[in-house]
Amino acid sequence: MAAPIEAGSKSNPRPRKSKATTKAGAKSVFFTDGQDPDSYSLANQFAENMEFRLAKDRSNYRLNDAYSALALSIRDRMIRKWLRTQRTYLEKDVKKVYYLSLEFLMGRLLSNTLINLQYDKECQDIMEEIGFDLNQLREVEKDMGLGNGGLGRLASCFLDSMATCELPAFGYGIRYEYGIFDQDIENGYQVEHPDNWLSYGNPWEIMRPELTYRVRFGGNVITDIDVRGKLRFAWKNTDDVLAVAYDIPIPGYKNNTVNNLRLWQAKSTQDFNFEYFNKGNYLKAVEDKNLSETISKVLYPNDNVDPGKILRLQQQFFFISATLQDIIHHYKLKHADFAKFPEKVAIQLNDTHPSLAIPELMRILLDEEQMEWEEAWDITRKTFAYTNHTVLSEALEKWSVTLFEQMLPRHLNIIYEINHRFVEKAREFYNNDHRKIAAMSIIEEGEPKRIRMANLAIIGSHSVNGVAALHTHLLKTDLFNDFYRFEPEKFNNKTNGITQRRWLREANPGLSNLVTSKIGDGWVTDLYKLKGLEKYKNDPKFQSDWWAAKQGCKKRLIDYIESRYDVKINPDSIFDSQVKRFHEYKRQLLTLLHVITMYNNIKDNPNGDFVPRTVLFAGKAAPGYAFAKLVIKLINSVADVVNNDPDVGDKLKLLFLKNYSVSLSEKIIPASDLSEQVSTAGFEASGTGNMKYQLNGALTIGTMDGANVEIREEVGDDNIFIFGLETDDVVELKNTGYDPYQYYQENKDLKRVLDMILFSFFNKDEPGIFKPIFDALVHQGDRYCLLADYASYVETQRKVDVAFRDRTSWIEKSILNTARCGKFSSDRTIMEYAREIWNVEPVKVDID
């Protein structure tokens, strides 16, 4: 076991001795003995929390203690608004939104909370008085990494926007004990370690033991005839787990709304078995407890193995069962029956993970509330709405019927009945077209027989939305075309967005302050106001200040990198970054092929006039995703060669920044000049990283995929670098017989790059390890068309070099990218959901 960090250690230091004297008339942050503060200031709260909650004083408190005391103080300040918000919703009996997501990639909460509550300046002063910098405390906080990528980060942006837009909304998820894994790099390979984000506790949360619900698994279904002669079902002899609520307040910006994120933790119904314990079998005594509580232990268990599949399905049902019980409990505080349930409750399913809520609500209404099928189904359909996040058919969740029979037998009955009734209607509509009926059925026949969760979500919801215009078009015309033709009124688009409060106001204070100095701070709640920057695009002084803000971000990132990696970064180079979850369709590998091409160009002409580049990768590959992990290894192997070649010098640097997180992205994105959004056209649903880069003035190089299409519409062709095949081109290429080997043979630069990978140029100590990458691209179909897009991509990168040489023009393009980012605020997205799907109105919260 590692030794505890001592007071005054480098990673958790004691405060420096403050050079500042306390302002005249002000009380010291730490009270003198017997002192009563004359006002209950934030400084007083900080001191009380340090002393009475953490049991620390001036002699022994450390940086982490200061963070915890400050976070507790800010949370305490929120609680009155939090309670008043919930009371207002209850008293006014407003319709509420319940946002169900298996992921919430919240990141760090301190800075965002201080900004929204307007406490950032006051807290900086308090920390300076005791000898700390507020930035030090920000770095102490562990990322709340309860998500894997864009899905969880989008959910977190939406929570911020719902509170800022004063919508009565609740988030629901799982309080994973271990979040997305900590990523280390050993000999170039990704190595996963547990993400113990709760190692110092979570000062933002409040445990709610009174809100504990029983979640059932397994058992059997018993049928009976009730007194009215109706067939009734009962789910009996189940194995039960308890779900305990933990609440985290979500404050809006400059208002009184504080909404709630409720996360469920699994707890055993029995701590341990006394009989086994008394016999000395201590492991057996706690076995049931450990098995039960595994449900909320870790985000996304590896589902390449059967135990991982079982655990993942358990997680999904655990989360939605507790959530529905909680929603119904609150609804019944004001309503004796379910007649108004869809008028008071809107449930949004963030992807298919929560779609088990549909049969679970049906079970509650049928078996516990004794409703007839038609009434229960009408309520259910009017309550749920489904957001799809993928166009990859293989990424749509499917669960084996056998697993359902064992774990959720009653729900399997209900799914069969939902499917039967739906298929009968679809059969009539499509004139008994067996192909269409088979595609639309919830049950996928075959071995094994499986349940299609996306089909269940579509059939059981009144709204189905995509997350970018192109994505929604593809859902309608391809992936879910049969459903769209059957019920076209269901389908709609809600282009994703990001919260500008985190991704500009917090992440890039230098640029944020510059923007506010010119157009005021209205953009913080109305991002379209950034349009006012356009009139300054050619102003020499403004351009100079804009460039200085970007260079400041670069310096901060360089300091971070050079303190952790043995490399020197050229601050005048193009910071070219691709940071996101690793997947083949996102084509990090294509960007790497270009890096090797640049390396070869430099080696061929060491004295040539090259535009220097620093290429940055960051992101995690799923533990079971061998190919993506091999790409990470290749990136690190190429970096070892490039960064240590004297011919290259500072003309080119390549880095893989390990353990990607929200807080790391807040360092990388503001410093980046070029945003790599190079997914194969037709494969990315939306992307939100592209929006974060644009907001911070980076230029995009990308395909016509996802939200890139709409970014191009907003910024104009002259301010973005588009390359490659479009969606229809990809389809046509594959339909006419795509032969990647031909591209390999005909393009000498491409062949040279791929041969270097094949023949172990970058891995002389481990020959042959990258052959699977070469084979996938050249001999196994190149599914994501990297070789087909290579020439266009390299040529477009040359245009980037030319553009960057003209600094004045580049800065103008950068300003215009930020100025034309208004559409991509999550505030806009959320208000579209509220008006067009949820039918929910903002609610003003008054504080007496």
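These are my notebook entries on helix packing, salt bridges and a buried tyrosine in a predicted model.

**Entry 1: two helices crossing**

I began with helix 23 (residues 588-604) and helix 32 (residues 786-805), whose axes lie 10 Å apart and make an angle of about 55°. That angle makes helix 23 oblique to helix 32. I also looked up the hand of the crossing, and helix 23 passes helix 32 in a right-handed one.

Which residues make the contact between the two helices? From helix 23 I noted Leu589, Leu590, Thr591, Leu593, His594 and Thr597. Their partners in helix 32 are Leu786, Tyr790, Tyr793, Val794 and Gln797. Sorted by type, the residues of this contact are 7 nonpolar and 4 polar, with no charged ones.

As a reminder to myself: an α-helix has 3.6 residues a turn, so residues three or four places apart point the same way.

**Entry 2: a covered helix beside them**

Next I checked helix 31 (residues 771-778), which is mostly covered, with 6 of its 8 residues buried. The buried ones are Ile773, Phe774, Asp775, Ala776, Leu777 and Val778. I then asked what they pack against. The list includes both helices from my first entry, helix 23 and helix 32. It also holds helix 24 (626-642), helix 29 (740-746) and helix 30 (748-758).

**Entry 3: salt bridges**

Side chains of opposite charge can pair when their charged atoms come close. Counting N to O pairs within 4 Å, I get 68 salt bridges. I picked out a few to look at one by one.

Lys844 and Glu166 meet at 3.4 Å, N to O. Lys844 is in the segment after helix 34 (826-838), while Glu166 is in the loop between helix 6 (150-164) and strand 4 (169-174), so this pair ties together parts that are 678 residues apart in sequence. Glu166 counts as buried, at 14% relative accessibility.

Arg262 and Asp326 form a salt bridge at 2.6 Å, N to O. Here strand 11 (residues 258-268) supplies Arg262 and helix 10 (residues 306-331) supplies Asp326, so parts 64 residues apart in sequence are tied together. Are these residues buried or exposed? Arg262 is buried at 8% relative accessibility, and Asp326 is buried at 0%.

Lys494 pairs with Glu836, and their closest N and O atoms are 2.9 Å apart. Lys494 is in the loop between strand 18 (491-493) and helix 20 (500-506) and Glu836 is in helix 34, so the link joins parts that are 342 residues apart in sequence. I liked the contrast in this pair: Lys494 is buried, with a relative accessible area of 1%, whereas Glu836 is exposed, with 52%.

I also found a network of salt bridges that links Arg108, Glu139, Asp143 and Lys667.

**Entry 4: around Tyr213**

Last, I turned to Tyr213, which is found in strand 7 (residues 206-217). Tyr213 is buried, with a relative accessible area of 11%. What does Tyr213 touch, leaving aside its neighbours within four places in sequence? Its contacts are Val241, Leu242, Ala243, Trp264, Ala322, Gln325, Asp326 and His329. Asp326, one of these contacts, is also the salt-bridge partner of Arg262 from my previous entry.

For a sense of distance I paired Tyr213 with Ile561: the two are 348 residues apart in sequence, and their C-alpha atoms are 46 Å apart in space.

Conventions:
Residues numbered from 1 in each chain as written. Predicted model: local features only at pLDDT ≥ 70, side-chain atom pairs only at ≥ 80, totals over all residues. Heavy atoms only, no water. Axes fitted to C-alpha atoms, helices over the stretch in contact; angles between N-to-C directions. Helix = DSSP H or I, 4+ residues; strand = E, 2+ residues; numbered from the N terminus. Parallel < 35°, antiparallel > 145°, perpendicular 65-115°, else oblique. Left-handed = near helix turned anticlockwise from the far one by under 90°. Contact = heavy atoms within 4.5 Å. Nonpolar A, V, L, I, M, F, W, Y, C, P; charged D, E, K, R; others polar. Salt bridge = Lys/Arg side-chain N within 4 Å of Asp/Glu carboxyl O. Buried < 20%, exposed > 50% of the residue type's maximum accessible area, 1.4 Å probe, protein only.
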